[in-house]
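Me: Please take a close look at the largest pocket in this predicted model. Which residues lie nearest its centre, and which elements give residues to its lining?

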Amino acid sequence: MMKLRLSGLRSGGVCATFRRPISHCYSNSISPSPSSVEVKPKTPLYQRPPSFSASLSKLTQWHKWAKNLASSVGSSFVHLDNGPDSTLLSRELNWLLEDSLELQNRSVIISQLKSGNNENVDVSVALRAPLEQLYRVWKQRIEERRPFQYIVGCEHWRDLVLSVQEGVLIPRPETEMIIDLVEDVALKNSPELAQSFWVDLGTGCGAIAIATARTLATRDHVHGRVIATDLSPVAVAVAAFNVQRYGLQDMVEVRKGSWFEPLKDIRGKLGGVLSNPPYIPSGDIPGLQPEVGQHEPKLALDGGISGANDLLHLIDGAAFMLKPGGFFAFEV
């Protein structure tokens, strides 16, 4: 059950915490890799050019194989760890197919595949990934429980389509509530906060930062700025990619570093502090679904023995970083 708590902070500020089943940010308790190699974000499948092709008959063979593989799962994953059933996997297969096909002939090709129409089987179909890769990633989805979002390289979140990849947490629908709190609590009660600095700590793919910036931009001609921080070089690169894709470079700055560490220049000036920190107790990590525990970054999940290590650090830091009347919201 969600638990929401509102209270004062620094002369009338507001904080909110709420319980949800999973976390999507990075811990500051583990040092980053010493590697200085620049990370290049991967382009989501649906944005790649249709540079590959396969005959309709070959694509039909793949589609039948993939459907059979999904159907073979039945409800076994549900009984095992409350994982996806064959119905959900079939929907994911349809989304994978849609993202793989060029837009121009997508509806015609999908209709032929679903109807089993054997006409024009030798026609060439343009694809955004080679057929061999489609075989490989779908096998990974079923046999290795690789998250579907990593396969297609994106996640639909709120009104955004965000690039994600291995090394970055996949944003969950429940985290959208942080943005609802910004809109319905913080800015409604204190409209002047829309002109302040806001931060998203442990930004991951940049979901909270981007959504917050878009919210601030609708409030006033003179709007504030958002700074997104993360310890992971992969997350920093992916977040910057997403910021650029939505044309928010003038509103959102991505900084690499642990929690408040990159924000020393704006101490005491923040209108809002937002975060979805790691809060899963260390002992619970092995029991998570394989999609989460075996594939998403442990740094983003592990909150220490009690699950509260990073949360306590953030609460202490917020008191010094926020200006009077500031707002903070953390997911726990």
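Reply: In this predicted model, the lining of the largest pocket is made up of 30 residues, and those that lie nearest its centre are Glu92, Gln149, Glu155, Ile170 and Arg172. Four elements give two or more residues each to this lining, namely helix 3 (86-100), helix 6 (148-152), strand 5 (154-157) and helix 10 (290-293). Of the elements, helix 3 gives the most, contributing five residues to the lining. Sorted by class, the lining holds 15 nonpolar residues, ten charged residues and five polar ones, and the space in the pocket comes to about 800 Å³.

As for the chain in which this pocket lies, eleven helices and eleven strands are assigned, and 52% of its 332 residues are buried. Where contacts link residues at least 6 apart in sequence, 77% of them join residues at least 24 apart. The accessible surface of the chain is about 15400 Å², with 51% of that area belonging to carbon and sulfur atoms.

Two cysteines can be added to this picture. Cys154 has a relative accessibility of 4% and therefore counts as buried, the cut-off being under 20% relative accessible area. Cys205, with a relative accessible area of 3%, is likewise buried. The count of disulfides in the model is zero, where a pair would need its cysteine sulfur atoms within 2.5 Å.

Note on methods:
Residues numbered from 1 in each chain as written. Predicted model: local features only at pLDDT ≥ 70, side-chain atom pairs only at ≥ 80, totals over all residues. Heavy atoms only, no water. Buried < 20%, exposed > 50% of the residue type's maximum accessible area, 1.4 Å probe, protein only. Contact = heavy atoms within 4.5 Å. Areas by Shrake-Rupley, 256 points an atom, 1.4 Å probe, with all protein chains shown as cover. 1 Å grid on protein atoms, 1.4 Å probe; cavity = no way out; pocket = protein on both sides within 12 Å on 5 of 7 lines; lining within 4 Å. Points joined across faces, edges and corners; volume = space filled by probe spheres on them. Nonpolar A, V, L, I, M, F, W, Y, C, P; charged D, E, K, R; others polar.
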